[in-house]
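Hi everyone, thanks for coming. Let me put the structure up on the screen, and then we'll walk through how some helices pack and where the pockets are.

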Amino acid sequence: MNDQRNRSRLLPRIGATVNHTVLIATSALMLLPFSWMLATSLRLPKDSFNLPPALLPTSFHTANYTAVFRDVPFFSFILNSVAVTAVATILQCIISAAAAYPFARMKFRGRNALFLLMLSGLMIPVQVTVIPLFLMFRQVDLIDTRTALVLPALVFPMGIFILRQHMLTLPTSYEEAARLDGAGHLRIFWNVILPMSRPALVVVAMLSGLATWNDFFRPLIFINSIDKMTIPLGLTVLDGFARTSNIAVVLAGVVISIVPPLVLFILGSRHLVRGMALTGLKG
């Protein structure tokens, strides 16, 4: 009897130990490229291609980071990325929430068909729409402007889907109480549904913000001036350093570009996990 009790207690511990070991090993494996990138960004140019590659810094050559700002307008790249990402994310969350509300809380003919039509936007690649967008933006003189980067990002089908699924899980009692007080759809949406959808809004903001921050294709097509480039496109300006075997400067720029979204992810990770847990799949 005692042996069976000890065995029943030991097996879960062994399973947990194995799971933790596998997770730690997988996490360490995924961090190897980032470790090499950070270590190489702190090396002398002549040590960038040593074999085998060193995963830990062998020197702290911070001149690579100063070269990023000295040789290219990298600070302008950062400001452009921050401005485009902030504006696009805020407007995207507002539009996604306003579109999700009628799909989740209002009943009208053709609602499900219209929702499926909206979801079909997830299957359309960005490359398919870039030529019509370029022609339209050229007609209204928006090429080589930050507005050309914000406008295509305003409609986010995945954000609408996430918010709609979350709004479906909200109890109707709050909505009915607001109607008894004479509130209409606009007031119910703004004062009742939207505050209760804050966790899902955090998820949408994180997804859309990261997508806009890392977007390379649209800036490549719509932006021509160096002073209006975002960070992903601006990093290509450092390509000359790589051709002269100074990949350390390029990687220094990559490290700098990772810092803002990493900080935001760390600060918002608790809200992100809570939002993912509360975003149901009812429908």
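**Helices and pockets**

Okay, let's start with two helices. Helix α4, residues 111–119, and helix α7, residues 157–168, have axes that come within 9 Å and cross at roughly 140 degrees. That crossing angle is why we call α4 and α7 oblique to each other. If you zoom in on the contact, α4 brings N112, F115, M118 and L119, while α7 brings P157, I160, F161, R164 and Q165. Sorted by class, that contact has six nonpolar, two polar and one charged residues.

Before going on, remember that this is a predicted model. Its mean pLDDT is 82, and 85% of the residues reach 70 or more. Among the elements, helix α6, residues 147–150, has the highest mean pLDDT, at 92, and helix α13, residues 239–243, has the lowest, at 57.

Now a second pair. How do α3 and α9 pack, at what angle? The angle is about 100 degrees, and the axes of α3 and helix α9, residues 185–196, are 11 Å apart. So α3 and α9 are roughly perpendicular to each other. On the α3 side you can pick out A97, A98, Y101 and R105, and they meet H185, I188, F189, I193 and L194 of α9. By class, this contact of α3 with α9 has seven nonpolar, one polar and one charged residues.

Right, on to the empty space. The largest pocket holds about 690 Å³. It is lined by 27 residues, and those closest to its centre are V126, P152, V155, P157 and R218. You may remember P157 from the contact between α4 and α7. Which elements give two or more residues to this lining? They are α3 (74–105), α5 (126–139), α10 (198–213) and α11 (217–222). The lining of the largest pocket divides into 17 nonpolar, eight polar and two charged residues.

Then there's the second largest pocket, with about 430 Å³ of space. Here 18 residues make up the lining, and F34, I258, V259, P261 and L262 lie nearest the centre. The elements giving two or more residues to it are α1 (2–41), α10, α12 (231–234) and α14 (247–278). Which element gives the largest share of that lining? That's α14, with seven residues. As for classes, the lining of the second largest pocket has 15 nonpolar, three polar and no charged residues.

One last thing to look for on the screen: α10 gives two or more residues to the lining of the largest pocket, and α10 also does so for the second largest pocket.

Note on methods. Residues are numbered from 1 along each chain as its sequence is written. This is a predicted model: local features need pLDDT of at least 70, side-chain atom pairs count only at pLDDT 80 or more; totals for chains, interfaces and linings use all residues. Side-chain values use heavy atoms; hydrogens and water are left out. On a 1 Å grid over the protein atoms alone, a cavity is a set of points where a 1.4 Å probe fits but cannot get out, and a pocket is an open set with protein on both sides within 12 Å along at least five of seven lines; lining residues have an atom within 4 Å of a point. Grid points are joined across faces, edges and corners, and a volume is the space filled by probe spheres set on the points. Helices (H or I, at least four residues) and strands (E, at least two) are DSSP runs, numbered from the N terminus. Ala, Val, Leu, Ile, Met, Phe, Trp, Tyr, Cys and Pro count as nonpolar, Asp, Glu, Lys and Arg as charged, and the others, Gly among them, as polar. Axes are lines fitted to C-alpha atoms, for helices over the stretch in contact, and angles run from 0 to 180 degrees between N-to-C directions. Angles under 35 degrees count as roughly parallel, over 145 as roughly antiparallel, 65 to 115 as roughly perpendicular and the rest as oblique. Contact means heavy atoms within 4.5 Å. pLDDT is the predictor's confidence in each residue, from 0 to 100.
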